Amino acid sequence: MKKVSHYLQVAFYLFAGVNHFINPDFYAGLIPDYLPFHSFINFASGVIEIALGLGLLLSATKKFSAYSIILMLIAFIPSHVYFIQIGGCIEDGLCTTMTVAWVRLVVIHPLLILWAWSARK
């Protein structure tokens, strides 16, 4: 089961990273207005997610990648807070109920952090 979880996590970050390039508007709307260079942030996030997902595959970089994913997820928290502040709806983008927006921040995000924590060994 641990191997399945591991490869699912690799696939998750590879897919998420690639999706930054396939569907950049989806992510761009989640970047808080107070941050500059939205396109660069979106591009860099995609590259980092791909690199860290691949890093989970190698024993030499697995621990570093797992800890870096945790730091990346912490860095994404302002995006989740911003999504809640704007009412959980981005024009021509992701639109959810406020309950779902809060669940993404308070439940799903910590679970992703725990998942990355479990990959460090």
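# Chat about a predicted model

User: Leu56: buried or exposed?
Analyst: Leu56 is buried, with a relative accessible area of 1%. Buried here is under 20% relative accessible area, exposed is over 50%, and partly exposed is in between, using a 1.4 Å probe and protein chains only.

User: Before we go on, what kind of model is this?
Analyst: It's a predicted model, where local features need pLDDT of at least 70, side-chain atom pairs count only at pLDDT 80 or more, and totals for chains, interfaces and linings use all residues. Residues are numbered from 1 along each chain as its sequence is written, and side-chain values use heavy atoms, with hydrogens and water left out.

User: OK. Where does Leu56 lie?
Analyst: Leu56 is in the loop between H3 and H4. Helices (H or I, at least four residues) and strands (E, at least two) are DSSP runs, numbered from the N terminus.

User: And what is Leu56 in contact with?
Analyst: Setting aside neighbours within four places in sequence, Leu56 contacts His6, Gln9, Val10, Lys62, Ser65, Ala66, Ile69 and Ala119. Contact means heavy atoms within 4.5 Å. Also, the C-alpha atoms of Leu56 and Arg120 are 8.3 Å apart, with their positions 64 residues apart along the chain.

User: Which residues make up the largest nonpolar core?
Analyst: There are 12 residues in all, and Leu56 is one of them, with Val10, Tyr13, Leu52, Ala66, Ile69, Ile70, Met72, Leu73, Leu112, Ala116 and Ala119. Helices H1 (2-22), H4 (62-75) and H6 (98-118) each give two or more residues to this core, and H4 has the largest share with 5 residues. A nonpolar core here is a set of buried Ala, Val, Leu, Ile, Met, Phe, Trp, Tyr and Cys residues joined through side-chain atoms within 4.5 Å.

User: What does Ile70 touch?
Analyst: Apart from neighbours within four places in sequence, Ile70 is in contact with Ile113, Ala116 and Trp117. There's also a second, separate core of 7 residues, including Leu30, Phe83, Ile90 and Leu94.

User: Switching to pockets. How much space lies in the largest pocket?
Analyst: About 760 Å³. On a 1 Å grid over the protein atoms alone, a pocket is an open set of points where a 1.4 Å probe fits, with protein on both sides within 12 Å along at least five of seven lines; lining residues have an atom within 4 Å of a point. Points are joined across faces, edges and corners, and the volume is the space filled by probe spheres set on them.

User: Which lining residues are closest to the centre of the largest pocket?
Analyst: Of the 29 that line the largest pocket, His20, Tyr27, Glu49, Phe76 and His80 are the closest to its centre. By class, the lining has 20 nonpolar, 7 polar and 2 charged residues. Ala, Val, Leu, Ile, Met, Phe, Trp, Tyr, Cys and Pro count as nonpolar, Asp, Glu, Lys and Arg as charged, and the others, Gly among them, as polar.

User: What about the second largest pocket?
Analyst: The second largest pocket has a volume of about 170 Å³. H1 gives the most to its lining, with 6 residues, and the classes are 3 nonpolar, 4 polar and 4 charged.

User: Last one: which cysteines does a disulfide join?
Analyst: Cys89 and Cys95, with an S to S distance of 1.9 Å; the cut-off is a pair of cysteine sulfur atoms within 2.5 Å.

User: Why is the disulfide left-handed?
Analyst: The torsion about the S-S bond of Cys89 and Cys95 is about -105°, so the disulfide is left-handed.
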